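Student: I would like to learn how to read the features of a protein model. Could we go through one step by step?

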Amino acid sequence: MALNEQKGKDDIPESQYQKGVKQLCEKGHLNAVPKKYILPVSERPTKSSVEDPNVVKQNLQLPIIDFAELLGPNRPQVLQSLANACQQYGFFQLVNHCMLEDVVRSMIDVSGRFFDLPLEERAKYMTTDMRAPVRCGTSFSQTKDTVLCWRDFLKLLCHPLPDFLPHWPASPVDFRKVVGTYAEETKHLFLVVMDAILESLGIMEDNILKDFENGSQMMVANFYPACPQPDLTLGIPPHSDYGFLTLLLQDEVEGLQIQHQDKWITVQPIPNAFVVNVGDHLEIYSNGKYKSVLHRVVVNEAKSRVSVASLHSLPFNCTVRPSPKLVDEANPKRYMDTDFRTFLAYVSSREPKKKDFLESRKVALN
Ligand SMILES: O=C(O)CCC(=O)C(=O)O
């Protein structure tokens, strides 16, 4: 018998939710979204601009940065496009990058196969300890969310790789090899893109690039099951990312939306491209010049979706502050210094809402 018939729609035991939304769908054969996932009307995604003027129906063409061009004679023009993208959208799509298509495809594939494993296998990695090297979970902030999100995730700490790899899942059998290769190549790509971003900010000789080589890297594989009533819930609620840059791979199913000029706009998946976004730390470091933009994930009735986000920042014990090169009398310091411990304490103490953390670091200017 279907789970929501067995217990009544609002009577699913809490422990069942903690096992994740994929398990809930498989056990429950759900034909309706359980109450625990139903957002208040004002927070629901709406389908079209007819229903909600804040949602634009057509897909947004994010600025496209051609990686090969960035490394060639047109670098100055590409740096200008990069600066425009980071200022106006906080997002761009990176195409023509150096990572082999096979590495990209295998990463999406092995992530899907991980979520296909029986619950008992995935449950080995379920913990609410935010510092765990491997953390399998569900929703956005599993222990704090009053309404749960329609997503399961696997978070992996990645750097230094030899320290963390032995903790990663050993199943599927090729998981460590595929994800390890992908993590290293993503880190390399991040360093090259970050170097260009520093140059686009006019910062050429800062030692920060050395720090990034030993910087933190966290990978999040997301699984969003098909949802019987996608208008009532979200895969991930509006949030910004904490680090300097996030490199996101999405499969061919759309779902990512970014806030642009007060509207939610869907990012069209481009095969083999990375969606790159500015995180809170880069907004702080650039003293507000580059924008860490709210984004969210909508789900759909027909297809499940897989994405993999790779979040990069300075080492966890470093302080992030506006670059002195971007602070002067005309541009006073707009953000307080911050570090990872402050961020963890902040998000552990409350239901993480929107850009709360970044807002909390802003200096009140007269
Ligand atoms: O699935 C996506 O497209 C976005 C994922 C995301 O925003 C996240 O993992 O923080």
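**Reading the model**

Tutor: Begin with serine 139, which counts as buried because it has 24 C-beta neighbours inside 10 Å. Keep in mind that this is a predicted model.

Student: Where does serine 139 sit, and what is its phi?

Tutor: Serine 139 is in the loop between β3 (134-138) and β4. Its phi is near 65°, a positive value in a residue other than glycine.

Student: Is asparagine 96 buried or partly exposed?

Tutor: Asparagine 96 is partly exposed, because 14 other C-beta atoms lie within 10 Å, and the cut-off for buried is 20 or more. Its phi is near 60°, again positive in a residue that is not glycine. Asparagine 96 belongs to the loop between β2 (91-95) and α6 (101-116).

Student: Which residues are joined by a cis peptide bond?

Tutor: Histidine 159 and proline 160 are joined by one, with omega about 0°. Another joins serine 171 and proline 172, with omega about -5°. Proline 160 lies in the loop between β4 (152-157) and α8, while proline 172 lies in the loop between α8 and α9.

Student: What does leucine 161 touch, apart from its neighbours within four places in sequence?

Tutor: Leucine 161 is in contact with Gly180, Ala183 and Glu184. The residue itself lies in helix α8 (residues 161-164). It is partly exposed, because 17 other C-beta atoms lie within 10 Å.

Student: How should I read a helix such as α9?

Tutor: Start with the general idea. An α-helix has 3.6 residues a turn, so residues three or four places apart point the same way. Now the case here: α9 has 26 residues and reaches 36 Å from its first C-alpha to its last, close to the 38 Å expected at 1.5 Å a residue. Its buried residues include Val179, Tyr182, Thr186, Phe190, Val193 and Ile197. Just after α9, glycine 202 takes a positive phi of about 80°.

Student: What is there to say about the largest nonpolar core?

Tutor: In soluble globular proteins, nonpolar side chains tend to be buried together. In this model the largest nonpolar core has 83 residues, and Phe91 and Val276 touch the most other members. Helix α9 (residues 175-200) gives the most to this core, with 9 residues. Another core, of 5 residues, lies apart from it, and among its members are Tyr242, Phe340, Phe343 and Leu358.

Student: Which residues does valine 276 touch, not counting those up to four places away in sequence?

Tutor: Valine 276 touches Phe91, Phe92, Leu94, Val193, Leu245 and Leu247. One of these, Val193, is also among the buried residues of α9.

Student: Which residues are around the ligand?

Tutor: Among them are Val220, Asn222, Asp241, Gln250, His295 and Ser307. The shell divides into 6 nonpolar, 5 polar and 1 charged. Strands β5 (217-224), β7 (245-250), β11 (295-297) and β12 (305-312) each supply at least two of its residues.

Student: Which domain does UniProt list for residues 214-314?

Tutor: The unreviewed UniProt entry lists these residues as "domain: Fe2OG dioxygenase". In the model, the span is 6% helix and 43% strand, and its end C-alpha atoms lie 7 Å apart.

Key. Residues are numbered from 1 along each chain as its sequence is written. This is a predicted model: local features need pLDDT of at least 70, side-chain atom pairs count only at pLDDT 80 or more; totals for chains, interfaces and linings use all residues. UniProt positions are given in the numbering used here, feature names are shortened, and annotations may be inferred rather than shown by experiment. Helices (H or I, at least four residues) and strands (E, at least two) are DSSP runs, numbered from the N terminus. A nonpolar core is a set of buried Ala, Val, Leu, Ile, Met, Phe, Trp, Tyr and Cys residues joined through C-beta atoms within 7 Å. A residue is buried if 20 or more other C-beta atoms lie within 10 Å of its own, exposed if 12 or fewer, and partly exposed in between; C-beta atoms are placed from the backbone. Two residues are in contact if their C-beta atoms, placed from the backbone, lie within 7 Å. A residue is near a molecule or strand if its C-beta atom, placed from the backbone, lies within 6 Å of it. Ala, Val, Leu, Ile, Met, Phe, Trp, Tyr, Cys and Pro count as nonpolar, Asp, Glu, Lys and Arg as charged, and the others, Gly among them, as polar. The expected span of a helix is 1.5 Å times one less than its number of residues.
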